[in-house]
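Could you walk me through this model in plain paragraphs? I'd like a guided look at the main features.

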Amino acid sequence: MENYDKVSVLVVGAGPAGLATAIQLKTQKPDIDVCVIEKAADLGNHNLSGAVLEAEPLHTLLDSAAPGWRDSDEAKEVLAAKIDKDNVMFFLGTKLSFNILFAIKLAKKFGLGFGQMIHLGDYSVSVSKLTKWLGQIAKKLGVEVLCGFSAEDIVLDESNSSATGVKLVDQGLDKEGRKQPNFVEGEIINADFVVLAEGCDGLVTEKFIEKVGLQRQSPQLYSVGVKELIKVSPEQYDRFTAGRVVHAMGYPIWTPIIGPGMFGGGIVYAGVQEHLSVGMIVGADWKYCDFNPQDALTNFKNHRFVKKFIAGGTVVEAGAKLIPEGGYYAIPKDPQTGAIGKGNVMILGDSAGFVNMLKIKGLHNAIESGICAAKSIAENTNNPQASALRYTELVENSNIDKEMQSAKNFRQAVAKFGPLLGMPLSVLGELLPKFKVEKDYEAMTTAHYKFKGSQNFDKDTFTAMAATEHREDQPSHLRIINRNTCAQKCVPKYGAPCITFCPAGVYEIINGQVKPANPSNCLHCKTCQRKCPFDNIRWTVPESGGGPRYKRM
Ligand code: SF4
Ligand code: SF4
């Protein structure tokens, strides 16, 4: 296909959900034209996760799409680390650690939700590599996978009930927004079906939700994940053991009675070739105005349990992203029909919020949602308007819905009552009522994080490890809506938290004004858009191909 003006199926986002759609659809209907557009310069560059993969949906997808896939080099590489040792730890202070897996096993025995938090038999994977591999499979099947194509907006029909296409971002503006000789206006790609699979807090997805009036029963809640890939010594790797994953609660983000009381925890996952993934995931409803998830990561790495595995190691990659945690009540739906989308537009994976917080996993649901979207399209090639509703039926009859229902009160209970009370309370699962929760940014207070380090986190090195790049001479894609709010309200009260929490050091005070001074460092994590206490920042899409260049995250 050489003319991109019109395609049958346009998928926005080449992550696991979008690529699963393309692969499944080409398997069922080889003659249909499918185009996947991706804002990153290359496949996998913007994909970051822990990641633990529950592989059944992937097996289902590939068994029909790529027979013999298990023998491929890519499969052997991506699925090299099968989990055979599962630790769920509780850290008390900087030295003590307790393995509480027995409690999770007990919960499983009694059918309680926490029992889902067992990962034995799953895979510890790099989602960047998984995405690259799925992209190669999709291309072999004849899918057009176009990297460096950033979508800016969705184009609706006159009735606002379906989409006619997607508009790409303009290229070639200078910092002041003036057209340069190489200016190219973002073209519109028209399509019969539009699949929104942009990942968490997708730009086009959120615009679509607002334009057509989809609603969430409860606001989406987010966590911020910061992660480092660390090359350790052979002895340390052997001591940790390949196939092991550690999830740790408690210090440094919540401690019974004495606080701080933030939701989340740390991870250590075995990778391949003596690499360990070490990360910290923190609920974005934190209340500390001087908190930075990277400080928590530093404290986590310095805990005695973690330190012995990574001391002296070399950080080879790093990055950050948001995770959608609001669960069942935060899935955007058409208030009239209940569709997860509208007309010919379907919302998938993390864009829909299909993360099961009891499992701390969403990749399997993302892939399954892609399979559902493809089946719906295949059934409705002559009636695209019916596809969002059929997609929703398929999701509701799938394992996605079962999981989302089972975990539906977990995150809201924790947001409402804090981890100390909320986590035990959430054992009651579906018996609990729906709790009303505030948006993450509304939780900010003037309180200070108790375990703040004496030195500022080295964000320059962190950003360098993400290999992020943007063309310098373009308008900033970070927009502060009202600078007076910064100067008159935020700085005096909170001390400009964006400067502290942005993992890439994008925001600075220059000549007394808070500014996104270094937009080219941006990791596209969207934390600032969801955590500015005055909801005063908008993340817009930069020119195509900009952003981090993750390879093994
Ligand atoms: Fe505060 Fe938001 Fe302004 Fe930053 S952008 S100073 S967080 S109001
Ligand atoms: Fe994340 Fe915003 Fe900082 Fe970019 S500017 S790295 S989106 S917090």
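Here is a tour that goes from the sheet to a buried leucine, then the aromatic pairs, and ends at the ligands. Keep in mind that this is a predicted model.

Let's begin with the sheet. Seven strands make it up, running in the order 5-4-14-15-16-13-17, and it is open with mixed pairing. At its edges sit strand 5 (96-99) and strand 17 (314-324), each with a pairing partner on one side only. Going from one strand to the next, the twist averages 20°. For a look inside the sheet, take strand 14 (residues 244-250) and strand 15 (residues 264-270): they run antiparallel and share four bridges. If you want one spot to click on, H247 has I267 in strand 15 as its bridge partner.

Next, find L25 in helix 1 (residues 16-28). Its relative accessible area is 0%, so L25 counts as buried. What is L25 in contact with, once neighbours within four places in sequence are left aside? The list is V9, P30, I32, V34, A374, I377 and A378. On the distance side, the C-alpha atoms of L25 and G370 are 9.1 Å apart, although 345 residues separate the two along the chain.

Now for the aromatics. The whole structure holds 17 aromatic pairs. In one of them, F240 and F309, the ring centres are 5.1 Å apart and the planes meet at 85°, so this pair is edge-to-face. F240 belongs to helix 7 (residues 234-240) and F309 to helix 9 (residues 304-310), 69 residues apart, so the pair links distant parts of the chain. Both F240 and F309 are buried. F417 and F435 make another edge-to-face pair, because their planes stand at 90°, with centres 5.1 Å apart. Here the two partners differ in exposure: F417 is partly exposed at 34% relative accessible area, whereas F435 is buried at 13%. There is also an aromatic cluster, formed by Y251, W286, Y288, F291, Y449, F451 and F501.

Last stop, the ligands. Around ligand 1 you'll find C486, C490, A496, P497, C498, V514, C532, P533, F534, N536 and I537. Helix 16 (483-494) and helix 17 (497-501) each contribute at least two residues to that shell. By class, the ligand 1 shell has ten nonpolar residues, one polar and no charged ones. Ligand 2 has 13 residues around it, and C502, C522, C525, K526 and C528 come nearest. Its shell divides into eleven nonpolar residues, one polar and one charged.

How values were computed: Residues numbered from 1 in each chain as written. Chains lettered and ligands numbered in written order. Predicted model: local features only at pLDDT ≥ 70, side-chain atom pairs only at ≥ 80, totals over all residues. Heavy atoms only, no water. Near = heavy atom within 4 Å. Nonpolar A, V, L, I, M, F, W, Y, C, P; charged D, E, K, R; others polar. Pairing = 2+ DSSP bridges. Axes fitted to C-alpha atoms, helices over the stretch in contact; angles between N-to-C directions. Buried < 20%, exposed > 50% of the residue type's maximum accessible area, 1.4 Å probe, protein only. Contact = heavy atoms within 4.5 Å. Phe/Tyr/Trp six-rings, centres within 6.5 Å; stacked < 30°, edge-to-face > 60°.
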